[in-house]
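Welcome, and please have a look at the model below. The notes that follow pick out a few backbone details and one strand with its partners.

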Amino acid sequence: MKLPGYYTSGEFARMAHVSIRTIRYYDKQNLLKPAYVSPAGARFYTDGDFARLQQILLLKYLGFSLEDIRAMTIGEPDPQRMRRSLKLQLKLVRDRIEQMQLVEKAIEETAAALQTEKQVNWSQMLDLIHLTGMEESLKTQYQNASNISARINLHALYSTNPQGWFPWIYEQCRIRPGMRVLELGCGNGALWTENRERLPQGVSITLSDISEGMLRDAKRAIGPSDSRFSFLEFDCARIPFPDASFDLVIANHLLFYCEDLPGVFGQVRRVLKSGGRFLCSTYGAGHMKEISRLVQEFDDRIVLAAEKLYERFGLENGRGLLEPFFSSIQSLRYPDRLLVNNPEPLVEYILSCHGNQNTYLLDRYKDFRAFVESKTKNGFSITKEAGIFLCQKIS
């Protein structure tokens, strides 16, 4: 019996221009399960399943493994999630176009050199090998962007503080005309895109990141026409600027990833002008603690983070780490908490973490979602412990 709003496997495959064999294979791989299976075993799909299939086929076309795709497409298709997914897919396609343009240019230059010089330019050949080996970095950039998007989404939807994190950070920067500003680990440039209207003219802002992909995202978000911004890729333990170059250096949720904190602090102090300020943000030990308890209650084998980043640089120990380098240090807390009443963004956040959760949750997704739904039904409160240290260089 044909159900209203449902398609048989054959109809679904024909409409999507794929084979029934492909649909069955994705079903077996737990990539695209039917929306309904009849008592007789007939499989049926809905319009919402086309969105999942589109994402699977695009990611497969772009070189992701089925295991990668399985982890990246889990979850219920809702309009908001689909919009964010399409935005991330568009980013990946643009990255791939840029990569292929670089490969095209390198091939043309190598071929031209061979024609004129009659011998191989091994330097150009190495550049070409490097470019054609960028596949894994593009995958990593997409996965990182997807994870960041899931985390930002949870905070954007359910934070109880009406002033968002980036407007609050910007307020503490106290940027004035004529200032020279350096942001370390700028990510996608959200600090500036969310505060562009408040930013005065006559400032010079250098955005830096160790990730070429993140810098590319920031350039796209800010656009090429804003002359206040420049972009540079480097490691923050080796800042390539002369002494006393900047009035303000910013490190937003970056320092707990740095291996050589004394080296970073020394570099920041060196490039700050006398009286210049260093604004760095971090978390406290209680940040999002309820989420860890939630997953542990579901399965006590799950660890959402293999490393407690706040132990490296957190609200509790940050002042002591900064004191050898800065004589004036002030700490400010960002007052906020989350109140979540919808399971999907919370599940997506949990799946984006850097722990072992996918090992235990991917095969039990429906059970876990039902568990989270029961916890969020009447509102699930989550502690946020985040803040900044404001340091000044006093010569």
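## Asn-30 and its loop

In this predicted model, Asn-30 sits in the loop that runs between α2 (20-28) and β2 (36-37). Its phi is near 60 degrees, a positive value in a residue other than glycine. That is worth a second look, because most residues other than glycine have a negative phi.

How exposed is Asn-30? Its relative accessibility is 39%, so Asn-30 counts as partly exposed, given that this class lies between the under 20% of buried residues and the over 50% of exposed ones.

## Ala-244, another positive phi

Further along the chain, Ala-244 has a phi of about 55 degrees, again positive although Ala-244 is not a glycine. This alanine is found in the loop between β6 (229-233) and β7 (246-251). With a relative accessible area of 40%, Ala-244 is partly exposed.

## Strand β12 and its partners

Now for a strand. Of the 7 residues of β12 (residues 386-392), 6 are buried, so the strand is largely enclosed by the rest of the structure.

Which strands pair with β12? One partner is β8 (residues 272-283), which pairs with β12 in the antiparallel sense over 7 bridges. Another is β9 (residues 328-334), also antiparallel to β12 and also joined over 7 bridges.

Ile-388 of β12 is a handy place to see both pairings: Ser-281 stands opposite Ile-388, and Leu-332 has Ile-388 as its bridge partner.

Technical notes:
Residues are numbered from 1 along each chain as its sequence is written. This is a predicted model: local features need pLDDT of at least 70, side-chain atom pairs count only at pLDDT 80 or more; totals for chains, interfaces and linings use all residues. Side-chain values use heavy atoms; hydrogens and water are left out. Helices (H or I, at least four residues) and strands (E, at least two) are DSSP runs, numbered from the N terminus. Buried means under 20% relative accessible area, exposed over 50%, partly exposed in between (1.4 Å probe, protein chains only). Two strands pair if DSSP finds at least two bridges between them.
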